[in-house]
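Thanks for coming. I will walk through one structure this morning, starting with the overall layout and ending with a few individual residues. Please have a look at it first.

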Amino acid sequence: FLRELYEKYTPPHVKDRKEVEFLQLEQKDMTVAEYETKFTELEKYAPHICDNEIRRVVLRHFKKKYTP
C-alpha cells in the first residue's frame with residue numbers, strides 16, 4: 001500500500017533524487033541500524049531495483065560498504 005502511495009503522490013524529480021541517494025548510500029559514520037533504516041527508507045524510491053529477486057544482490061552489495 002505505501003509503495004503505491006509513494007508512486008502516486010511523489011513528484012518524479014523527488015523520486016529521481018531519492019533513487020540517486022539510494023544508489024550512492026554509504027554507511028560512513030552511521031551505525032548498522034541507522035544504515036539499514038536509511039536503506040529501507042530509500043528503497044521505496046527504487047522499486048525496479050529492489051524487487052524480491054534483485055533485492056538480495058543489492059543488499060549484499062551495500063553490506064560490503066559496512067564498516068566493522
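**Tyr-45 and its surroundings**

Let me start with one residue. Setting aside neighbours within four places in sequence, Tyr-45 is in contact with Tyr-6, Thr-10, Lys-15, Lys-18 and Glu-19. Before going on, I should say that this is a predicted model. Tyr-45 sits in the loop between helix 3 and helix 4. With a relative accessible area of 14%, Tyr-45 is buried. Between Tyr-45 and Tyr-6 there are 7.9 Å in space, C-alpha to C-alpha, while along the sequence the two are 39 residues apart.

One of the contacts of Tyr-45 is Thr-10, so let me take that residue next, as it is buried too, at 12% relative accessibility. Thr-10 is placed in the loop between helix 1, residues 2-9, and helix 2. The C-alpha atoms of Thr-10 and Tyr-45 are separated by 9.2 Å, with their positions 35 residues apart along the chain. Not counting neighbours within four places in sequence, Thr-10 touches Leu-5, Lys-15 and Tyr-45.

**The overall layout**

Now a step back. The protein has 4 helices and 0 strands, and along the sequence the pattern reads α-α-α-α. There are 68 residues, and 29% of them are buried. The accessible surface is about 5,200 Å², and carbon and sulfur atoms account for 56% of that.

How much of the contact total with a separation of 6 or more comes from residues 24 or more positions apart? The figure is 57%. The pair we began with, Tyr-45 and Tyr-6, is one example of a contact at such a distance in sequence, 39 residues.

**Helix 2 against helix 3**

Two packed helices are described by the angle between their axes and the distance between the axes. For helix 2 and helix 3, the axes come within 9 Å and cross at roughly 145 degrees. The crossing of helix 2 past helix 3 is left-handed.

Which residues meet there? From helix 2 they are Lys-18, Glu-21 and Phe-22, and from helix 3 they are Lys-38, Phe-39, Glu-41, Leu-42 and Glu-43.

Take Glu-21 from that list, a residue of helix 2. Glu-21 is partly exposed, at a relative accessible area of 28%. Apart from neighbours within four places in sequence, Glu-21 is in contact with Lys-38 and Leu-42. Glu-43 is 22 residues from Glu-21 in sequence, and 9.7 Å from it in space, C-alpha to C-alpha.

The two phenylalanines in the list deserve their own moment. The count of aromatic pairs in this model is 1. The pair is Phe-22 with Phe-39: their ring centres are 5.0 Å apart and their planes stand at 55 degrees, so the pair is tilted. Phe-22 belongs to helix 2, residues 12-23, and Phe-39 to helix 3, residues 32-43, so the pair ties together parts 17 residues apart in sequence. Buried or exposed? Phe-22 is buried, with a relative accessible area of 0%, and Phe-39 is buried as well, at 3%.

**The nonpolar core**

Both rings also take part in the largest nonpolar core, which has 9 residues: Phe-22, Leu-25, Tyr-35, Phe-39, Leu-42, Tyr-45, Ala-46, Ile-49 and Leu-59. Helix 3 gives the most to this core, with 3 residues. Tyr-45, where we started, is on that list too.

**Two lysines in loops**

To finish, two lysines. Where is Lys-44? Lys-44 lies in the loop between helix 3 and helix 4, the latter being residues 52-63. Is Lys-44 buried or exposed? Lys-44 is buried, at a relative accessible area of 18%, and the cut-off for buried is under 20%. Leaving out residues up to four places away in sequence, Lys-44 touches Arg-3 and Tyr-6. Lys-15 lies 9.1 Å from Lys-44, C-alpha to C-alpha, and 29 residues from it in sequence.

The other lysine, Lys-28, is in the loop between helix 2 and helix 3. Lys-28 is exposed, with a relative accessible area of 64%. Lys-28 is not a glycine, yet its phi is positive, at about 45 degrees.

That is the end of the tour.

Definitions and conventions
Residues numbered from 1 in each chain as written. Predicted model: local features only at pLDDT ≥ 70, side-chain atom pairs only at ≥ 80, totals over all residues. Heavy atoms only, no water. Buried < 20%, exposed > 50% of the residue type's maximum accessible area, 1.4 Å probe, protein only. Contact = heavy atoms within 4.5 Å. Areas by Shrake-Rupley, 256 points an atom, 1.4 Å probe, with all protein chains shown as cover. Phe/Tyr/Trp six-rings, centres within 6.5 Å; stacked < 30°, edge-to-face > 60°. Core = buried A, V, L, I, M, F, W, Y, C linked by side-chain atoms within 4.5 Å. Axes fitted to C-alpha atoms, helices over the stretch in contact; angles between N-to-C directions. Left-handed = near helix turned anticlockwise from the far one by under 90°.
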